[in-house]
Amino acid sequence: QGQLAQSGGGLVQPGGSLRLSCAASGFVMKYYHIGWFRQAPGKEREGIACISDGNDMTYYADSVKGRFVISRDSAKDTVYLQMNNLEPEDTATYYCASTYYYCPEFRLDDYDSWGQGSQVIVQS
């Protein structure tokens, strides 16, 4: 069973950008769908983006579509989440996770491995 390690969180002003990274160890990432989730204080964990295993099709929640971009570098076993035009409502802990299943469903129970979480704070 593999693991996912995250990096790239931090503090940013509204309208700014951040890029999160999710690196795999113990498995080959390109054979898995990778999802990004976020959880704000007092709220449920929310799926916001995912990328498929074979053809790198991407999917986004309406809340981030047009602002966030998910991508994969198979040679590095790493998936990225580029976050642009950030708003205070984007403040949350962000998690990457892997699954064999159809990722646009964003079903939490389908995901086997999770990153440790990256805190993102959007604040003036």
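Q: In this predicted model, which cysteine is joined by a disulfide to cysteine 22?
A: The sulfur atoms of the pair are 2.0 Å apart. That is within the 2.5 Å cut-off for a disulfide. The partner of cysteine 22 is cysteine 96.

Q: How many residues apart in sequence are cysteine 22 and cysteine 96?
A: Cysteine 22 sits in strand β3. Cysteine 96 sits in strand β9. The disulfide links distant parts of the chain, and the separation is 74 residues.

Q: Is cysteine 96 buried or exposed?
A: Buried means under 20% relative accessible area. Cysteine 96 has a relative accessible area of 0%, and its partner cysteine 22 also has 0%. Cysteine 96 is therefore buried.

Q: What is the handedness of the link between cysteine 50 and cysteine 103?
A: These two cysteines form a disulfide with an S to S distance of 2.2 Å. The torsion about the S-S bond is about 70 degrees, so the disulfide is right-handed.

Q: Which parts of the chain does the disulfide of cysteine 50 and cysteine 103 tie together?
A: The two cysteines are 53 residues apart in sequence. Cysteine 50 is buried at 0% relative accessibility. Cysteine 103 is buried at 1%. The parts tied together are strand β5, which holds cysteine 50, and the loop between β9 and β10, which holds cysteine 103.

Q: What pattern do the disulfides of the chain follow?
A: The structure holds two disulfides. One joins cysteine 22 to cysteine 96. The other joins cysteine 50 to cysteine 103. With bonded cysteines counted along the chain, the pattern is 1-3, 2-4.

Q: Which strand gives the most residues to the largest nonpolar core?
A: This core has 27 residues. The elements giving two or more residues to the core include β3, β4, β5 and β7. β8, β9 and β11 are also among them. The top contribution is four residues, and it comes from β3.

Q: Which residues have the most contacts inside the largest nonpolar core?
A: Nonpolar side chains tend to be buried together in soluble globular proteins. Leucine 81 is one of the residues with the most contacts inside this core. Leucine 81 touches Trp36, Phe68 and Tyr94, among others. The full set is Met29, Trp36, Phe68, Leu81, Met83 and Tyr94.

Q: How many residues make up the second, separate core?
A: This core includes Phe37, Cys50, Ala97 and Cys103. Cys50 and Cys103 are also the partners of a disulfide. The second core has six residues.

Q: Which residue forms a salt bridge with arginine 38?
A: Side chains of opposite charge can pair when their charged atoms come close. For arginine 38, the closest N and O atoms of the pair are 2.8 Å apart. Both partners are buried. The partner is aspartate 90.

Q: Where does aspartate 90 lie?
A: Its salt-bridge partner, arginine 38, is in strand β4. The two are 52 residues apart and link distant parts of the chain. Aspartate 90 is in the loop between β8 and β9.

Q: Which residues do salt bridges with shared partners join into one network?
A: The count of salt bridges comes to five. The bridge of arginine 38 and aspartate 90 is one of them. The network consists of Arg38, Glu46, Arg67 and Asp90.

Q: Is aspartate 56 buried, partly exposed or exposed?
A: Aspartate 56 forms a salt bridge with arginine 72, with the closest N and O atoms 2.9 Å apart. Arginine 72 is buried at 13% relative accessible area. Aspartate 56 has 33% relative accessibility, so this residue counts as partly exposed.

Q: Which partner in the salt bridge of arginine 107 and aspartate 110 is buried?
A: The closest N and O atoms of this pair are 2.9 Å apart. Arginine 107 has 45% relative accessibility and counts as partly exposed. At 15%, the buried partner is aspartate 110.

Q: Which side chain is joined to that of serine 118 by a polar contact of 3.0 Å?
A: Serine 118 lies in strand β11 and is buried, with a relative accessible area of 6%. Serine 118 touches Ser7, Gly9, Leu20 and Ala92, among others. The side chain in the polar contact is that of glutamine 6.

Note on methods
Residues are numbered from 1 along each chain as its sequence is written. This is a predicted model: local features need pLDDT of at least 70, side-chain atom pairs count only at pLDDT 80 or more; totals for chains, interfaces and linings use all residues. Side-chain values use heavy atoms; hydrogens and water are left out. A nonpolar core is a set of buried Ala, Val, Leu, Ile, Met, Phe, Trp, Tyr and Cys residues joined through side-chain atoms within 4.5 Å. Buried means under 20% relative accessible area, exposed over 50%, partly exposed in between (1.4 Å probe, protein chains only). Contact means heavy atoms within 4.5 Å. A salt bridge is a side-chain nitrogen of Lys or Arg within 4 Å of a carboxyl oxygen of Asp or Glu. A polar contact is a pair of N or O atoms within 3.5 Å; within protein, one must be able to donate a hydrogen and the other to accept it, and residues adjacent in sequence count only if both atoms are side-chain atoms. Lists of a residue's contacts leave out its neighbours within four places in sequence.
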